[in-house]
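User: I should like to study a protein model by means of questions and answers. Could you please guide me through its structure?

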Amino acid sequence: HIDDFFKRLQEKRDHLKLKTRIIFNKKMKGRFPYLEKSKYCEIRCIDVGSEMTSINVFGDKSVITIYAKKPFLFVIKSKDISEGFKKIYQFMWDNLD
């Protein structure tokens, strides 16, 4: 189950004390209590976007995920694309309360 995967992933991040910043669609608030309770996870919400997709950036890898009955993801290995996503994310983060 996809929720179990993300719960285990956050447990690993917490164990390693990795800070995570997440921007959720407001409809998702309360859906992932383990993220909201983590002292290493900061969450901000927006009114737009889909609760069925996500973009994650790790170094030079960008992962675009579609959460359907059968989840599907794209992994893009490109420093330029990852840097572009990071800049867009930082702009959004800086402009949210």
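The following turns discuss this model, which is predicted.

User: Which strands stand at the edges of the open sheet of three strands?

Analyst: The strands of this open sheet follow the order β3-β4-β5, and their pairing is antiparallel. A strand with a single partner has one side left without a neighbour in the sheet, and this applies to each of the two edge strands. The edge strands are therefore β3 (53-58) and β5 (72-77).

User: How many bridges join β3 to β4?

Analyst: These two strands, β3 and β4, run antiparallel. Within this pairing, Asn-56 stands opposite Val-63 in β4. The number of bridges that join β3 to β4 is six.

User: Is Thr-65 buried or exposed?

Analyst: Thr-65 has its place in strand β4, which covers residues 61-66. Leaving out residues up to four places away in sequence, Thr-65 touches Met-52, Thr-53, Ser-54, Asn-56, Phe-72 and Leu-73. Its relative accessibility is 7%, and a residue under 20% counts as such, so Thr-65 is buried.

User: At about what angle does helix α3 run to β4?

Analyst: Helix α3 comprises residues 79-94. This helix lies across β3, β4 and β5. Its angle to β4 is about 65°.

User: Which elements each supply at least two residues of the largest nonpolar core?

Analyst: The largest nonpolar core has seven residues, namely Ile-22, Phe-24, Met-28, Phe-32, Tyr-34, Leu-35 and Cys-41. The elements that each supply at least two residues of this core are β1 (20-25) and α2 (33-37).

Key. Residues are numbered from 1 along each chain as its sequence is written. This is a predicted model: local features need pLDDT of at least 70, side-chain atom pairs count only at pLDDT 80 or more; totals for chains, interfaces and linings use all residues. Side-chain values use heavy atoms; hydrogens and water are left out. A nonpolar core is a set of buried Ala, Val, Leu, Ile, Met, Phe, Trp, Tyr and Cys residues joined through side-chain atoms within 4.5 Å. Buried means under 20% relative accessible area, exposed over 50%, partly exposed in between (1.4 Å probe, protein chains only). Helices (H or I, at least four residues) and strands (E, at least two) are DSSP runs, numbered from the N terminus. Contact means heavy atoms within 4.5 Å. Two strands pair if DSSP finds at least two bridges between them. Axes are lines fitted to C-alpha atoms, for helices over the stretch in contact, and angles run from 0 to 180 degrees between N-to-C directions.
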